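This briefing goes through one protein chain, from its overall form to single residues. Please keep the sequence and the structure in view while reading.

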Amino acid sequence: MITYTEKGPGLHAAIAAAGHRIEQLDGNWVTSDDQAVQAIIDGFDPLPLAREKKWREIQARRDALAAGGVTVGAHKFHSDTDSRIKQLGLVMMGAGIPGGLQWKTMSGVFVTMRPTLALQIFQATVASDAAIFAAAEAHKAAAFALPTATQIDAYDFSAGWPV
């Protein structure tokens, strides 16, 4: 007979990863090896898994925002990976950008690409990335400072991101 303490979904995965099983039958916990499973339950720390999960969620938000575009003047420009590569190429071309080159904005409006605009898009992307990165790191630090997995799971990181 074991003393079961719920410590989050990672506990069952840890038991299974150790080659054991645990299930509840008729209100009692039944295991493949009570002593080994009890040791896993007693030693299981849910904080690392909770932190890892929350950090992945924060990273996903960070990455989505980084790919969400940057505003230069009256227009918003794409900032996904492919667009960044093309924009970097424009910056590298400098004065060699073909005259009259039309560049599509996120709203669908076309603007004439010039070396100055290419550089402004690049600079806006760098500034946006830095602000988004700082917000993600602040959320990570705040979440990781929480003392329990339950609090980490409940941590709301929806505010505090750059617009």
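**Overall picture**

Of the 163 residues in the chain, 31% count as buried. The model is predicted. Its secondary structure consists of six helices and six strands, and the radius of gyration is 25 Å, where a compact globule of 163 residues would have one near 15 Å.

**Fold and dimensions**

- Along the sequence, the helices and strands of the chain follow the pattern α-β-β-α-α-β-β-α-β-β-α-α.
- Taken along the principal axes, the box filled by the C-alpha atoms of the chain is roughly 80 × 25 × 25 Å.
- Contacts between residues at least 6 apart in sequence join residues at least 24 apart in 56% of cases.

**Surface and charge**

- The chain has an accessible surface of about 9,600 Å², and carbon and sulfur atoms account for 59% of that surface.
- The chain carries 14 positive and 16 negative charges, and the mean positions of the two sets lie 14 Å apart.

**Helix α1 and what follows**

- Helix α1 spans residues 9–17, and its buried residues include Gly10, Leu11 and Ile15.
- These buried residues lie on the same side of α1, because they cover an arc of only 140° around the axis.
- An α-helix has 3.6 residues a turn, so residues three or four places apart point the same way.
- Pro9 and Ala17 are exposed, on the other side of α1.
- The cover over the buried residues of α1 includes β1 (22–25), α2 (34–43) and α3 (47–66).
- After α1 comes Gly19, with a positive phi near 85°.

**Arg21, between α1 and β1**

- Arg21 sits in the loop that runs between α1 and β1.
- Is Arg21 buried or partly exposed? Its relative accessible area is 43%, so Arg21 counts as partly exposed.
- Beyond residues up to four places away in sequence, Arg21 touches Ile15, Val30, Thr31, Ser32 and Val37.
- One of these, Ile15, is also among the buried residues of α1.
- Arg21 and Ala67 are 46 residues apart along the chain, and a separation of 43 Å lies between their C-alpha atoms.

**Met106, between β5 and β6**

- The loop between β5 (102–104) and β6 (110–112) holds Met106.
- Met106 has a relative accessibility of 36% and therefore counts as partly exposed.
- Which residues does Met106 contact, leaving aside its neighbours within four places in sequence? They are Gly68, Gly69, Lys76, Phe77 and His78.
- For one of these contacts, Gly68, the C-alpha atom is separated from that of Met106 by 9.4 Å, while the two residues are 38 residues apart along the chain.

**His139, in helix α5**

- His139 belongs to helix α5, which covers residues 115–144.
- With a relative accessible area of 8%, His139 is buried; the cut-off for buried is under 20%.
- Setting aside neighbours within four places in sequence, His139 is in contact with Ile58, Tyr155, Phe157, Ala159, Gly160 and Trp161.
- Among these contacts, Ile58 falls within the residue range of α3 (47–66), a helix that also helps to cover the buried residues of α1.

Terms used. Residues numbered from 1 in each chain as written. Predicted model: local features only at pLDDT ≥ 70, side-chain atom pairs only at ≥ 80, totals over all residues. Heavy atoms only, no water. Helix = DSSP H or I, 4+ residues; strand = E, 2+ residues; numbered from the N terminus. Rg over C-alpha atoms; globule rule 2.2 N^0.38 Å. Buried < 20%, exposed > 50% of the residue type's maximum accessible area, 1.4 Å probe, protein only. Contact = heavy atoms within 4.5 Å. Areas by Shrake-Rupley, 256 points an atom, 1.4 Å probe, with all protein chains shown as cover. Lys, Arg positive; Asp, Glu negative; His and termini not counted. Charge placed at Lys NZ, Arg CZ, Asp CG, Glu CD. Arc of directions from axis to C-beta.
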